[in-house]
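Work through the exercises below with the model open. Try each task before reading its solution.

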Amino acid sequence: MRRTYKNATQAGWDRTLDLRTHPFQLCNERRALTLRRTTLAPDKTSPLRLPTSQPILTMAQWSRISQLIQYLPDETINDFYPSVTFAIEVRHFLSEWIEKQKWEDFALEKTEQESNARALLDEIIMMLQSSSQQNANVVDKMKLMQMSKNMSMFQHQPLQFAVMVRDTLRKERVLLRAMSQVNNPQQHQEYVTREFAFPSMQAVDHLVLKVLELQDLRQNIHQVQEDLNWERQNYESLQGTMDPTVSEVTRLQNNIQQLEYNVNTMATKRFQLLLECVDCLDQCQTQLLSKLKAWRWEQYKATIGHPFDENLNVLQTWCEQLLGVNGKLRQELMLIVEPIPELQERLGQLLQLLIESSLVVDKQPPQVIKTQSKFSTTVRYLLGEKIAPGKPVVLRAQIINELQARSLNVTPSDNVGEVINNTAILEHNTATKTTCATFRNMSIKKIKRADRKGSESVTEEKFALLFSTEITITGCDTPYRIQMISLPVVVIVHGSQDNNALATIIWDCAFSEPDRVPFVVPERVPWKVMCSTLNSKFTSEVQTHHNLDHYNQHFLAQKIFDKPDFNDDFSNMMVSWTQFNKEVLPGRLFTFWQWFEGVMDLTKKQLRTYWSDGLIFGFIGKQHLHLILKERPNGTFLLRFSDSEIGGITIAYVAAAEMGEHKQIIKNIQPFTKRDLDIRSLGDRIRDISDITYLYPDFPKHEVFKKYYSDPQTSTSGGYIPVSLLTKVGMEIGSVAADVTSVAHHTESPNNAARYQVDAGSVVPCVPNMTNHTESSYNAVGYPLPQFQQFSAQEAITQEQMDTLNSSAVEFSSDHSVFSDEATGEMDLVLNSLLSFS
């Protein structure tokens, strides 16, 4: 009995599953198990029921999957939850327990985990058996017992069971990530059908049954033919007698006529069935190749953050089954007395196409490759177990340009690059049942570039790696020449080209068509498509679920189109490659992509948790900034990415206007870069700055940023007095704080002495004044540096110059608002002086 799980309706789970009488009830109209939204009532006869204190909706992953499952095709559900090995009932009733186990620790090659896998398997079997014994319903008892027996088949292969559960949970997560990007049920249905419906195993099963029927028919024809030959022999022998009876002759003649009719009828049926099998094989193989193409496309789209399930095991099984069917059909053709050239040729073409299409680049090479740098890649052959034994299969890799990629049927005559360590052997792994060739230490020694068009730069030129070999399949007479091309790559010679090369890859990946001519991409794309790409890339690179909101996206449009008006509508505008990463932004020295990638890198390395917690407003224009902060009380601040500096984040806050006026101004602190945040974290800097008190709109900063504050240092190794750095806004003089809780009298030796190598003109280290100090809230001593006295005569500045600097540090607009990122300084003089110490 086929079981699917399409339980949720758009309006809610409006049916109830009565586990006391029909725990495996099938809903005829949906052929699905049904649940109700609320907690199931307690029931002593249904031991698999969760306690009332633990409702089903607490099972995070399964509760979400169960709502999406109604949109999945039957074939996908059956592939997710095979009834014989891992039934959907087991996944449902044991979902909470299943999701608490560490299935990701298991892999077929990790034999040391076998005992842990067996323990989990035994526990599942025990729970199912216990439920069966306690259930009063005979049908339910037998059902539960059958499930436990199905699980028992893994007793000798517990790792295989654990990996199966691991892969099922992975596929669920991939599906959930995909569904999170779709907003309505109709889109759910279309997306799942298009992207996540695994190849229909029913079609292959149907084909296999047809082949078995063909083989049985051939055997029956053979048997009837033997009977016919026997009757004919009897009839001929009867002709030699003197006086054969009329009845005997008539009987033999009737038998012969009937047998001849039967043979002819079955021969006709055999031909029709053979033709149907070839047609069915053609259809199944077309589906398979379509799925292989879709897998490669999803692999490419993963570059910009789209969900991707890299598991190829299902497709490998398909390849192997279709190869076996092809071989059996070719044998059936050989056993036909009169050959059928058309079918023979057709099967030969299908065989060649299948063999040539089963080579897959499992792990793609880096899409930006620096010459004379090591990189790796893995190529997998899905028909590895069918390779004829004997001669090893050696794969060769070579680099090709765009023109050569367009004519793969012709062997490249011009060598455009020299690749070292460019050969690898296809090796079969019996544990994982995979056949792969791994290139571990490849390197491009040199590259020959094509003539560039117009203003095209070297980072816009695309190449690819071509993998080729000659392979012989068991049962085939001749070897086959097969090849596969990698995704596009950009070859650079210096690390400074990496950013622009990545822009070429992002544009190619996001906006190319599946069946394009290599490597053609449009010059202009709709902004809404570009915006979706930036969001996918940002969230995947930063590894966050916090998307760019509407205001962030609007600001990005303002920036790339150079339209500062907050009220502009960009939804129908087109953005070009030139605007993306060709022309520098107005008034800047960098392109839009260089700026965006800098923000993305900063967030990934320093600010991921801040962004994920929603503490960073991020992308916001100055007009919008003024709009939302102008009515806020003094000290209200928000965090935004610097508009004028690559990879910087600044604090914009409301401050009182000077000269006793009642108006307010908006100040922007000098941006913090990755280097600044390596020295002192963003959370600690926010704690240091007393001018900011409430995160927009009105969250006390010490509440929302408390978990990001560092604990004060209390001791250091070697008996030294610890020091700390503080962030001061404007031109205030900073301080070095020393912890006095562990100050001890000791004698400096050459091995523990504090050494400060000071260059000419640098700050002279301040000697702590232990008799005159003020305790801070962190049990530290502040040591104010006398103004100007610690600079050499050449570096000293006058008080008049200092006042001028302070007054020019802030720019006032007509309404006393300040928007420049460079409006004020950020670090005290002590921090700057410490950076010069050796």
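Helices here are DSSP runs of H or I with at least four residues, numbered from the N terminus. The model is a predicted one.

**Exercise 1.** Place Lys537 and decide: buried or exposed?

Solution.
- Start with the helix. Lys537 lies in helix 15, residues 527–542.
- Apply the cut-off. Buried means under 20% relative accessible area.
- Lys537 has 7% relative accessibility, so it counts as buried.
- List the contacts beyond four places in sequence. They are Thr303, Ile304, Ile506 and Met600.

**Exercise 2.** Do the same for Val208, then find its distance to Gly324.

Solution.
- Val208 sits in helix 9, residues 201–239.
- Its relative accessibility is 32%, so Val208 counts as partly exposed.
- In sequence, Val208 and Gly324 are 116 residues apart. In space, their C-alpha atoms are 9.5 Å apart.

**Exercise 3.** Which side chains of strand 5 are buried, and how is the strand paired?

Solution.
- Strand 5 covers residues 417–420, and its side chains alternate.
- Gly417 and Val419 point to one face and are buried. Glu418 and Ile420 point to the other face and are not buried.
- Strand 5 runs antiparallel to strand 8 (residues 434–447), joined by four bridges.
- Opposite Gly417 stands Ile447 of strand 8.

**Exercise 4.** Describe the largest nonpolar core.

Solution.
- This core has 68 residues. Those with the most contacts inside it include Leu322, Tyr381 and Ile471.
- Helix 10 (residues 246–301) gives the most to this core: eleven residues.
- Now take Leu322. Beyond four places in sequence, its contacts include Val204, Leu207 and Leu281.
- A second, separate core has 62 residues, among them Ile560 and Phe637.

Methods: Residues are numbered from 1 along each chain as its sequence is written. This is a predicted model: local features need pLDDT of at least 70, side-chain atom pairs count only at pLDDT 80 or more; totals for chains, interfaces and linings use all residues. Side-chain values use heavy atoms; hydrogens and water are left out. Helices (H or I, at least four residues) and strands (E, at least two) are DSSP runs, numbered from the N terminus. Buried means under 20% relative accessible area, exposed over 50%, partly exposed in between (1.4 Å probe, protein chains only). Contact means heavy atoms within 4.5 Å. Two strands pair if DSSP finds at least two bridges between them. A nonpolar core is a set of buried Ala, Val, Leu, Ile, Met, Phe, Trp, Tyr and Cys residues joined through side-chain atoms within 4.5 Å.
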